[in-house]
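Here is my note on the model you sent. The points are numbered for easy reply.

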Amino acid sequence: MNRIPLWGRVSSCLAEFKQSWIISRLLAAFSVVVFCCAVSAQETTGRVHAVIINGGMNKLMNHERYWNDCTFLYRTLREDLHFSKQDITLLISDGGEPGRDMLLADGSGFATSPADLDGDGERDVWLPATLAQVAASLTELAARLTSNDRLFLFMIDHGDFDSSIQQSYAWMWGGERLYATHLAQLLNAFHVESISLCLGLCHSGGFIDELRRENRVIATSCAENEESWACTDKPYDEFVFHWTCAVAGHDPEGNAVCADMDGDGYVSMAEAFDHASQHDRREETPQYCSTPTELGEHWFLLQGPKCGICERKNESGMSPIRKCYDLQGREIPVPPVMEGKHIKKLDAKQSFGLSPIIIIKP
């Protein structure tokens with residue numbers, strides 16, 4: 001029987017050990033790569049992406065309150081609702097260029113609208129709200145977002161109604177028009193789980209018939225034949241000011257606002273609309289459309305493990321006791337549930353088998 005020398009056997013064992021060690025290290029490294037890819041995939045899907053648009057039209061018409069509306073919402077998304085900057089697309093007037101593009105609220109002249117919206121010293125606004133850039137940004141987003149993601153679009157702007165084609169439109173920077181049909185085409189390219197829109201411009205209710213589709217929630221500041229108004233006591237727009245207060249849980253000064261009417265800890269798109277329409281003090285009729293009807297009750301803005309849609313029941317299937325707190329954690333009186341609202345169903349287009357539009361007027 002042939003015997004392998006001791007040193008040969010030791011060398012053979014060392015070689016086998018080295019080979020096994022290398023293979024195990026390679027497998028471990030491969031596992032890490034797979035895990036990181038899986039985490040990365042989880043982090044880039046199933047999120048809410050927000051788009052904030054202020055067309056402004058031109059510096060004569062681009063009121064300071066529009067910038068205030070966008071800034072209040074942006075800070076709400078970042079500071080209260082945990083959105084990263086990558087989760088928000090900003091299209092603001094001239095795109096943050098140094099020229100004077102904004103009419104001051106006191107009417108004293110023009111100013112450069114700040115490109116830093118949250119006061120952290122970094123420029124946030126890079127993209128202008130021109131018709132071409134709005135279309136390009138939405139097209140790029142439609143290609144990037146997945147069926148697990150959700151889209152939220154907020155637009156504050158001047159709006160008008162084209163009687164020649166019976167259609168509402170928004171004024172973009174440079175005086176171009178974004179018609180309801182054009183916005184509908186851009187949104188129809190999205191293959192996401194659901195879309196929520198808040199439109200604060202004159203004649204904004206005229207966008208609803210073109211934009212309504214399955215898995216969409218739409219809130220507008222006024223009806224198709226109405227103008228939308230500014231607040232009389234602060235440099236904001238009336239409807240969107242109260243709407244943002246609702247989702248933020250406070251006003252810009254930090255005073256607590258409680259719009260969580262069912263006490264589940266979240267402010268849904270339906271609750272935000274109810275709060276804004278109830279507190280709207282101007283001559284405008286806020287409009288609301290949810291398809292299906294219950295979608296707006298489950299759609300809320302919050303970035304994190306439970307982003308977007310919330311099942312609004314506790315273990316017993318009943319709504320929990322409602323409590324509201326201010327920013328210091330002190331309990332504040334719960335606002336009464338709205339009663340006696342005028343709810344009217346419009347004779348709207350019934351294409352795609354959708355439910356009628358519902359108007360809620362305080």
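1. Two strands pair if DSSP finds at least two bridges between them. Strand S1 (residues 48–54) and S5 meet that rule, with seven bridges joining them. The two run parallel. One bridge to look up is that of Ile53, whose partner in S5 is Met155.

2. Keep in mind that this is a predicted model. The chain has 362 residues, and 48% of them count as buried. Eight helices and 17 strands make up its secondary structure elements. Take the contacts between residues at least 6 apart in sequence: 68% of these join residues at least 24 apart.

3. Back to S5. On another pairing, seven bridges join S5 to strand S9 (residues 194–200), and these two strands also run parallel. Here Ile156 stands opposite Gly200 in S9.

4. How many residues of strand S5 are buried? Seven of its seven, across residues 150–156. Arg150, Phe152, Phe154 and Ile156 point one way from the strand. Leu151, Leu153 and Met155 point the other way. Both sets are buried, and the first includes an arginine, Arg150.

5. Phe152 deserves a look on screen. Leaving aside residues up to four places away in sequence, Phe152 touches Val48, His49, Ala50 and Val51. The list goes on with Leu73, Ser196, Cys198, Trp243, Trp299 and Leu301.

6. Which residues have the most contacts inside the largest nonpolar core? They are Ile52, Leu77, Phe152, Trp243 and Leu301, in a core of 41 residues. Several elements each supply at least two residues of this core: S1, helix H2 (64–80), strand S2 (88–92), S5, strand S10 (216–220), helix H6 (238–248) and helix H7 (269–279). H2 gives the most, with six residues. Another core lies apart from this one and has 33 residues, among them Ile53, Ala180, Leu187 and Leu211.

7. Next, a smaller topic: an open sheet of three strands. Its order is S6-S7-S8, and the pairing is antiparallel. Strand S6 (159–162) and strand S8 (177–179) are the edges, each pairing on one side only. From one strand to the next, the twist averages 35°. Strand S7 (residues 167–171) is joined to S8 by three bridges. In one of them, Trp171 has Arg177 of S8 as its partner. Helix H4 (residues 180–188) packs on this sheet and touches S7 and S8. The direction of H4 makes about 70° with that of S8.

8. Look along H4 itself. Its buried residues include Ala180, Leu183, Ala184, Leu186 and Leu187. These residues lie on the same side of H4, because they cover an arc of only 165° around the axis. The spacing fits a general rule. An α-helix has 3.6 residues a turn, so residues three or four places apart point the same way. Ala180 and Leu187 also belong to the core of 33 residues.

9. On cysteines: how many disulfides does a search of the whole structure find? Zero. A disulfide is a covalent bond between the sulfur atoms of two cysteines. For Cys231, the closest cysteine sulfur is in Cys245, 8.6 Å away, so the pair is too far apart for a bond. Cys231 counts as buried because its relative accessibility is 9%, under the 20% cut-off. Cys289 is buried too, at 2% relative accessibility.

10. Two loop residues close the note. Asp87 sits in the loop between H2 and S2. Is Asp87 buried or exposed? With a relative accessible area of 9%, Asp87 is buried. Not counting residues up to four places away in sequence, Asp87 touches Arg47, Val48, His49, Ala50 and Gln303. Val48, His49 and Ala50 are also among the contacts of Phe152.

11. Asn148 is in the loop between helix H3 (131–144) and S5. At 43% relative accessibility, Asn148 counts as partly exposed. What separates the C-alpha atoms of Asn148 and Gly46? The separation is 4.5 Å, although the two residues are 102 residues apart along the chain.

Methods
Residues are numbered from 1 along each chain as its sequence is written. This is a predicted model: local features need pLDDT of at least 70, side-chain atom pairs count only at pLDDT 80 or more; totals for chains, interfaces and linings use all residues. Side-chain values use heavy atoms; hydrogens and water are left out. Helices (H or I, at least four residues) and strands (E, at least two) are DSSP runs, numbered from the N terminus. Axes are lines fitted to C-alpha atoms, for helices over the stretch in contact, and angles run from 0 to 180 degrees between N-to-C directions. Contact means heavy atoms within 4.5 Å. Buried means under 20% relative accessible area, exposed over 50%, partly exposed in between (1.4 Å probe, protein chains only). A nonpolar core is a set of buried Ala, Val, Leu, Ile, Met, Phe, Trp, Tyr and Cys residues joined through side-chain atoms within 4.5 Å. A disulfide is a pair of cysteine sulfur atoms within 2.5 Å. The arc is that of the directions from the helix axis to the C-beta atoms.
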